[in-house]
Structures are given as structure tokens and as C-alpha cells.
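Here is a walk through one predicted model, with the cut-offs spelled out as they come up. Have the viewer open while you read.

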Amino acid sequence: MSVKKLSKESLLNWVDEIISTKKKVYGVQKHKDKTDRFEFAPLDSTADLRLDYDVTVLPPKKYFQPPTETLVAFDLKGGYKAACDTEKFIVIGIHPYDMIAINQMDELFQKDNYDSHYMTRRNNATIIACDVATASKDIFASSMKTATVKKGYDILLTDIGNGYVAEAATKKGQLLLDKAKTEKASDADIKARQAVWENNEKNLNKHPLNCQPSEVSELLEKAYNHPVWEEKAKTCFSCGSCNQVCPTCYCFNVHDDMNWDLKSGDRKRTWDGCLLDGFTKVAPDHEFRAKKSDRFRHRLYRKGKYVPSKIGGQIACVGCGRCIGACLPDIANPVKVYNRLLEDTSAVKK
Amino acid sequence: MNKPRVAVFDFACCEGCQLQIVNLEEQILDLIGAVNVVEWREAMSEQSHEYDIAIIEGSITRPEDEEKLWLIRSRAKILIALGACATLGGINKLKNNFDLNDVKKCVYGKDASKPHLYTELTKAVDEVVEVDYKIHGCPIEAKEFISIIRSLLIGKKPEIPEYPVCVECKAKGNPCLWEYGQLCLGPIIRAGCNARCPSAGHRCYGCRGYINKPNVEAAKDVIEKYGLSVEDLKSKMVLFGSRQDNTL
């Protein structure tokens, strides 16, 4: 599929048309309450779209795995009915690191038990990704090799200053892009896009990791009893903010909501978080990760070791830096912990 | 199964939590269809000495209230504390931080010593009798009230969040109010309100009580990081947090 160029004006016209013809369109815009921040929200007007944003408060995972969703409506008098969102939708403005997180979720939600709720939404989505134009204050995507992305999206937009380079990666994306007024991207345009990629791969790096992301798993191999877990967790609120804002945290809790007839109801799932006290509570009130330090360690093992072992070694931290900003006591930064372990293990080697 | 007999009683409070129940609108019919309400001063005139579930609103501030509560406890199979005054002592407990004579003079002036105005230190319901379940908040969340009542009706243990307000606040996509200069109590206060106040731009005031293991060390670190003092934090916690006990 060919690479196109859109002037800034034809991009706006194109988004106008998308908004007027498609039912559900979400896009990055200023946060409705705190206008110095950004969020994904229903896009009512093209003027609200901000492809120059740095990072959104919540990742776009909320469109694929909502904070609360009904899985099944049940009736004790007989039967149950699976609930499922089947509406098609478009998300505009997903950054490469968030796209890679979605790619990882796609793999995970198809493995073992195929998650039809997630996958139905995913298949109904059209994703217009865009390369990062403004680095956020805590981004470290360059370290995690997630500053650019090669798959998962339907269309990728790259701001090259005098317009956007647009590349459709799927048929769905091509059909949508065909509606825009485009010209063929010139060699200079392609070069300019390459320059954006190279710059992002190097410079989206506010917290540099001192090793390759692929080496983290091995690093954690010998770190289970390291003092860093206890030290950091001392000031952990167990508030789960790091989990809630993470694009690769997908754990959920399931509960039943009864109706007033006390016979029928909804089975729902809601976001959960491994840092929360009670996350591992089972019958009869036994809790197998009751210690804060155990929960703190679990999160970083999950990102650096457990999930990578399921998805071909990719580290499950995409370097968006949201957890760093969300953590009040400032202990959540994965790079600080991994670098600390690196220092200590290399000191042992010496 | 016979419908459980429910009685609602109020002590020292504004009765706003009962009002939340009255305000269930069309669902009030479902509620009174699912249970047999035998006494509820705010909504009906009948009274009864026989009930299975007693719902207690308000804090306990007088010796005669304690006696009445003991009696209710002895008659009820399940006793529920409703709202912050009942679960924590609520705003009424502020007075426990001062000399009681000063408090009386401040409130009642020259009538302070009249016998019918006599009160003692404020107590949460569980400081007087055993409480089976607590429905938190100032006022309570109608949705949570419904879910707890339905759970009890099917014999299931109600799910009351053990995690702090931040969980619900983050899920709603709110940026943290600490970043905007507000001393929000969200990280140490029990969730279940769907982050009602932070979502409206106000810090968490702590009406649902502390989580089981609030991290005091972390709180100290954070207030230092934001250039605040322990006194600043304490001054925000005093509204609902005076002499607070375990809240689950």
C-alpha cells in the first residue's frame, strides 16, 4: 500500500468527514477538566484534535478493555446471555508505545483463553496512529524500543512539518485514507519521516535504561531477594495508580450484580491492580501477597519477566512514563529499579 | 423465604443518608418490595420491636442513646451502620478534640447547662455495639447501598472496597489533584464513592474512613515532596478522621 502525503488542511477536512460519517470517533484532545493535560475522548469537532500531544492521562486501552464491562447477563430461572459491544469505532492519535501495548494485549487476549469481549472490540476498531511530535516529561520509549511502531495500526500519520505522511497498513485503513485528499509522498517526504523516526528512537528518553530491554528478564532472574523491593515499597500507598494508568496492565476482578428480583443479574469485570491490598485475597481471607514489597516486586517482574515469557521476549513496559507521573511517593519508575539492579549485579561481578 | 423485617433508626446526624434511600426514586418500590420495612421514622409512622435487620444512622452522643442502641442490637440479627456519622462518628466527632464544656458553651451559649442538652463524647456505632456491616460515606452512595442490601438478601457477603479512592479516580481518567496543589486524602481513604469529590475538582475529604493499612510513612514523604507539613495533613484529616478506629 502506497505512502501518501496530506497537507495540514486536507488532514482537517478528512477528519471532518470521518466525524460526520462515522458513528463513534475518539481522538486525543485537551483534558476536559485540566486543560494542560490530554485525554482520549469522543471527538465532536476536528478543531479539538491534538496530534501534537505529549501523553494522555489514561492509555487508549479503555476502549478495548473498559474500566467496567458486563460479560454476561444471567437469570437463575434459566440461561445466560453474553454481553458484547459490537459497534465499530475509530481511534485517532494513538502513539507508537501505546500501539505496541495494544499489540501485546492482542497476543495475550488470544492466548490460552480467547477473550471474545476484548477481541470483538479490537476487531471493531480502526486505529489511526501517529508518531510522537512532543516528548512527555517522563517518556522513555527509546530505551524500551517502542518509540516507533511497524504494525497493529490501520493508518500511521507522521507530522513532517509541512504536512503529514500517511501510510495505510490494512485494507480498512486504505479505504479510509482513500477518502482524504492526498498526493503521493515524495522521496523528500519519506526522508523527513525517516528523520522523525530516527530522532524519536534516540530522543524519547527521559529515563535511560542502562541495558537492552531484552536483558531485563535475565537481570530479574537473580534479583528476587534484592533489598530494593523492601526499600521502595516502604513508601508505597498500595493505591494501584501505577496499574490503573498502565497500558499493559490488564488484570481484572469479576463480580455479580443482582437485580431486585434476586434471580437475575449481570456478571461484570472491572480493572484490578496487583499493587492493591486484597488483590491476592482468596477464600477464606487468605492473602498470598500480603506484603507491600511482594506486590511491588510482582509488578516489575510481570513487566520484565512473566509477560515477556508469554509473548516472545518483548518487555511488557512500553516506556510511556505514566506510572512515574501517577505515583505520589515516586517509587514506580521501572527504569530506576532495573538500573539499580544492573549496578548491583555488575558490582558483584567486579 | 420470608422477607426480612427491616427497621431504620437515626441518632446524631443530619439524616441525609436516610434521605439518600428515600431518593432512590423508582427503586424505592423495588426496595420495599424486597424487604418488609417495619419502622422508619423518616418515611413512615409505624413502629415495631421485632426486626431482622437494623439500619443505624448517626453517631452516639448521649447515655440514653447508648441504651436505645443496646436494645436495638439485642433485637436485630444483623446491624448495619449507615453513613459516616455511624461508621466513623462523622463530623460530630470533631468535638472530641476540644474540652466538652467549651463545646457546649460555643454551641448552646447561656443554655449550655440545661439537662436536655447534655451530651458526652461522640462515638461511632461500633464503639457501643457490635456492627455487622458498614455502609460508608457522607452521604452514602445509593448504588452501593442497593448492592449491599441485595447481597444480604441472597445471603452473600457484601463487597466493600479495601482499596483507596485513587483506584476509582484513576479509572475515571482524572489527573491527580496533588499535581494541582490540593491536599487530597484519596491515597489513604476507602474507595466506593467512584471518586465523587475528586471528579468534581475537589480533594477527597475522607468521609469513607481510612483503608485498613494506610501508609503513614508514604504520606509523610509525599507531603514533604510537595512542600507541606504534617500539620497541614492533620488539619485536612480532622473533619472525618478524628479519633478514628478500624473502618471495615
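What follows goes from the sheet to the helices, then to the core, a loop and the chain contact.

First, some housekeeping. This is a predicted model, where local features need pLDDT of at least 70, side-chain atom pairs count only at pLDDT 80 or more, and totals for chains, interfaces and linings use all residues. Residues are numbered from 1 along each chain as its sequence is written, while chains are lettered from A and ligands numbered from 1 in the order in which they are written.

**The sheet**

Helices (H or I, at least four residues) and strands (E, at least two) are DSSP runs, numbered from the N terminus. Two strands pair if DSSP finds at least two bridges between them. In chain A, eight strands make an open sheet with mixed pairing, in the order 3-2-6-7-8-9-1-10. Its edges are strand 3 (38-42) and strand 10 (183-184) of chain A, each of which pairs on one side only.

Here are three of the pairings, each with one bridge partner pair.

| Strands of chain A | Sense | Bridges | Partner pair |
|---|---|---|---|
| 2 and 6 | parallel | three | Tyr26(A) and Val91(A) |
| 2 and 3 | antiparallel | five | Val28(A) and Phe40(A) |
| 1 and 10 | antiparallel | two | Lys4(A) and Lys184(A) |

A residue is buried if 20 or more other C-beta atoms lie within 10 Å of its own, exposed if 12 or fewer, and partly exposed in between, with C-beta atoms placed from the backbone. On that count, five of the six residues of strand 2 (residues 25-30) of chain A are buried, so this strand is largely enclosed by the rest of the structure.

**Two helices**

The expected span of a helix is 1.5 Å times one less than its number of residues. Helix 2 of chain A, with 15 residues, reaches 21 Å from its first C-alpha to its last, close to the 21 Å expected. Its buried residues include Pro96(A), Tyr97(A), Met99(A), Ile102(A) and Phe109(A). Two residues are in contact if their C-beta atoms, placed from the backbone, lie within 7 Å. The cover over the buried residues of helix 2 of chain A includes strand 6, helix 3, strand 7 (125-130) and helix 4 (141-144) of chain A.

Helix 6 (residues 187-203) of chain A also fits its expected span: 17 residues should give 24 Å, and the end C-alpha atoms are 24 Å apart. In helix 6 of chain A, the buried residues are Asp189(A), Ala192(A), Arg193(A) and Asn200(A). They cover an arc of only 100 degrees around the axis (taken from the directions from the helix axis to the C-beta atoms), so they sit on the same side of helix 6 of chain A. The face turned away from that buried side carries the exposed residues Asp187(A), Ala188(A), Lys191(A), Glu198(A) and Lys202(A). Covering the buried residues of helix 6 of chain A are, among others, strand 1 (3-6), strand 8 (155-159) and strand 9 (164-168) of chain A.

**The core**

A nonpolar core is a set of buried Ala, Val, Leu, Ile, Met, Phe, Trp, Tyr and Cys residues joined through C-beta atoms within 7 Å. The largest one has 119 residues, and Val91(A), Ile92(A), Ala129(A) and Ile155(A) touch the most other members. Helix 2 (residues 96-110) of chain A gives this core its largest share, seven residues. Apart from it lies another core of 40 residues, including Ala76(B), Leu82(B), Ala86(B) and Val125(B).

What does Val91(A) contact, leaving aside its neighbours within four places in sequence? The partners are Tyr26(A), Phe40(A), Pro60(A), Tyr63(A), Ala125(A), Ile127(A) and Ile128(A).

**A loop after helix 2**

Asp112(A) and Tyr114(A) are in the loop between helix 2 and helix 3 (116-124) of chain A. Just after helix 2 of chain A, Asp112(A) takes a positive phi of about 50 degrees. Asp112(A) is exposed, with 8 other C-beta atoms within 10 Å, and Tyr114(A) is exposed too, with 9. The C-alpha atoms of Tyr114(A) and Thr146(A) are separated by 26 Å, at 32 residues apart along the chain.

**Where the chains meet**

The contact takes 31 residues from chain A and 28 residues from chain B. On the chain A side, helix 9 (241-244) and strand 11 (252-258) each supply at least two residues. Strand 11 of chain A gives the largest share of that side, three residues. The residues on the chain A side split into 15 nonpolar, nine polar and seven charged. Here Ala, Val, Leu, Ile, Met, Phe, Trp, Tyr, Cys and Pro count as nonpolar, Asp, Glu, Lys and Arg as charged, and the others, Gly among them, as polar.
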